[in-house]
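Got a minute to look at a sheet and a bit of surface? Have the structure open and follow along.

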Amino acid sequence: MDRNTFTGLFLILVILVGSTFLLKPSQEEIRKEQQRKTQDSLRRLGGVNRKAPTAAASFTPQKPAIDSAALKGPLGKAVIAAPKLISLENKQLKVILSTQGGRIVSVELKNERTFDKQPLILQNPEQAKFGLTLNVEGKQVQTNDLNFTPSASTLNVSGSDSSSLTMHLAYGSNQSIDYVYTLKGDGYKVGYNLVLNNMNNVVQTKNNQVTLDWEASLRKQERDMKMERTYSTVYLEDVEGGIKDLSLTKDEEKTYAEKKIQWVSFKQRFFSNVLIAKDGFTSADVSVGTDINSNDVKQMSAKMQLPFSGAASVNYPMEFYFGPNKFDLLKEQGYHLDSQIDLGWGPLKYINRFAVLPVFDFLKNFNWNYGLIILVLTILLKLVLFPLTYKSYLSMAKMRVLKPEMDEIKGKVGDDNPTLLQQEYLKLYKKAGVNPLGGCLPLVIQMPIILAFFRFFPNLFELRGQAFLWMHDLSTYDSVLSFPLIPFLNWDHISLMCLLMTISTLIQTYFNNQTSGATGQMKYIGYITPLIFFGVLNSYPAGLNYYYFCANILTFSQQYFIRFMVDDKKIHAQIQENKKKPEDPNKKKSGFAAKMEEMMRQQRQTPAIQAKKK
């Protein structure tokens, strides 16, 4: 790399780093932006309150204030009754229903715990909303505020049994709205049938549709709130299998009406709340917002349109999924729910889906610690990529052997004529049969795999809560040192595994420089990237940094053994032999050789063209 190239790269780095800090908003601007986001989130979600999250067991439904006008309106009697809680329970779930709205107010995953070992409650009970918005007798009625009558006070299902509970809202003789909840003894699904009995003469619709309104504030489950918010948003799928999602980083609301919607999911990093319409929703208005003053992760809402035919009895078969974002588990549920797991874009998705994930699942069958599984996965990957690693090392060795001749050429030509110097270098490469990019191409080919793991580990549910060595949880960072937040760097901790990964990368860079014979600016530029990655990966999962650390150690070990397989004297002799061979005019030139000749031709023409212009 010549001085001009290095200067250009260095200036690009300075611009990137400088813009990060120089364009960083002031604290006053950040405060104003946070207030704006809070107001936008509350506006989208109907002004939800910001009380601290309440555990399902201690949640007490509050009787709404009685409006005299509402008493005189349709379903007025349903406003008077005091709300009660109903429990549905199986092996995996404890679902709490409220007679107020006949709705699910919270779901506890019995086999999971939060990062601080508390019961894992998916929704904040005080901010849950679910129900129909109907026009009855010319007045708008929201079933979320009305009291339903339960068919039982509790439902406990086990084994292969299945049972149902009905929430009944009577309107008149043989007229009612029923929510039928069905629970099996094993599983993460709750069946939900919405039945309108003989309501066709009293419900007035627009475009023959009724609205189902769902809102939830998702509770914090993981240690790192920032990381959890980064991977939480609304997903949905249309009936043709098209997956849509809202922004992960900003508040957003969208309307999807081109195709029927199969399901809507309020997805967190490791858990999801999904509503599946077996016959599809006509359309859906969805939104996601972040209330920075709340202890919850994000606030999400969906207004879904259901077709209303006007028949005497209308049945809408649906079901909920409340459970982990575990790839195999989501796939078992059908409806492509596994598409919520972000395995990367383009080729990264296919590498993770069809290569990394099957191998990882195979290694899980041995019931090893997940730290050992990551190590074995890394070893297998390195064995597959060994031919590329060997080719890269061999190419660097050839460049190292050529270095004395390149230094000799540089001494003759000097630094004042970089064009001529590059021409002489290209002549030398051509005669010696050496491709100067040979050491880079294998690394470029491996880059998609490195990036694929960057997407794979942060979304891997299996690492959640799994300890290895000093790391208590491979799904989050391992803090060896905590301190007050540094605004300039946005750090409040140092991850030990990230630190070890960075040190191993710097050591590997040092030995690579020794192997390739890099000098001057090129010798030091390789040390900059690991330091940048340390700042980026410091808050990423320990499992990801552990993989990169293992990869560095194994790469260093491979290069150490390859050194005994590569003899510099033999390489030098082969290069000299190549120089003596006469050039075959009929031999088809390689793509690289053709490019070298074209570069040399253009460089020879440039001075002549400039002279003519003068």
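What follows is a short walk through one sheet, one serine and one surface patch.

## The sheet as a whole

Keep in mind that this is a predicted model. Start with the open sheet, where five strands line up in the order β4-β3-β2-β1-β8 with mixed pairing. The edges belong to β4 (119-121) and β8 (154-156); each has a single partner strand, so one side of each is left without a neighbour in the sheet. From one strand to the next, the twist averages 20 degrees.

As a reminder, strands of a sheet pair through backbone hydrogen bonds, and they can do so parallel or antiparallel. Both kinds turn up below.

## Strand β2 and its partners

Now zoom in on β2, residues 93-98. Is this strand largely enclosed or not, and why? Five of its six residues are buried, so β2 is largely enclosed by the rest of the structure.

On one side, β2 runs antiparallel to β1 (residues 85-89), and five bridges join the two. Leu88 has Val95 of β2 as its bridge partner. These strands make a hairpin with three residues between them. With β3 (residues 103-113), β2 is again antiparallel, this time through six bridges; Lys94 has Glu108 of β3 as its bridge partner. The hairpin of β2 and β3 has four residues between the strands, and Gly101 there takes a positive phi near 90 degrees.

## Out to the β8 edge

What about the other neighbour of β1? Strands β1 and β8 run parallel and are joined by three bridges. If you want a pair to click on, try Glu89, whose bridge partner in β8 is Asn156.

## A serine in β2

Ser98 is worth a stop. This residue lies in strand β2. Buried or exposed? With a relative accessible area of 1%, Ser98 is well under the 20% cut-off, so it counts as buried. The Ser98 side chain reaches the backbone nitrogen of Gln100 at 3.1 Å.

## A nonpolar patch on the surface

Finally, leave the sheet and look at residues much further along the numbering. Which residues make the nonpolar surface patch? Leu499, Ile503, Ile507, Tyr510 and Phe511 do, and the patch comes to about 410 Å².

Take Ile503 as one of its members. Ile503 is found in helix α11, residues 496-516. Its relative accessibility is 40%, so Ile503 counts as partly exposed; that label covers values between the 20% cut-off for buried and the 50% cut-off for exposed.

Key
Residues numbered from 1 in each chain as written. Predicted model: local features only at pLDDT ≥ 70, side-chain atom pairs only at ≥ 80, totals over all residues. Heavy atoms only, no water. Buried < 20%, exposed > 50% of the residue type's maximum accessible area, 1.4 Å probe, protein only. Pairing = 2+ DSSP bridges. Axes fitted to C-alpha atoms, helices over the stretch in contact; angles between N-to-C directions. Patch = residues over 30% accessible without salt bridge, like charges linked within 9 Å, V, L, I, M, F, W, Y side chains within 5 Å. Areas by Shrake-Rupley, 256 points an atom, 1.4 Å probe, with all protein chains shown as cover. Salt bridge = Lys/Arg side-chain N within 4 Å of Asp/Glu carboxyl O. Polar contact = N/O pair within 3.5 Å; in protein donor to acceptor, adjacent residues only side chain to side chain.
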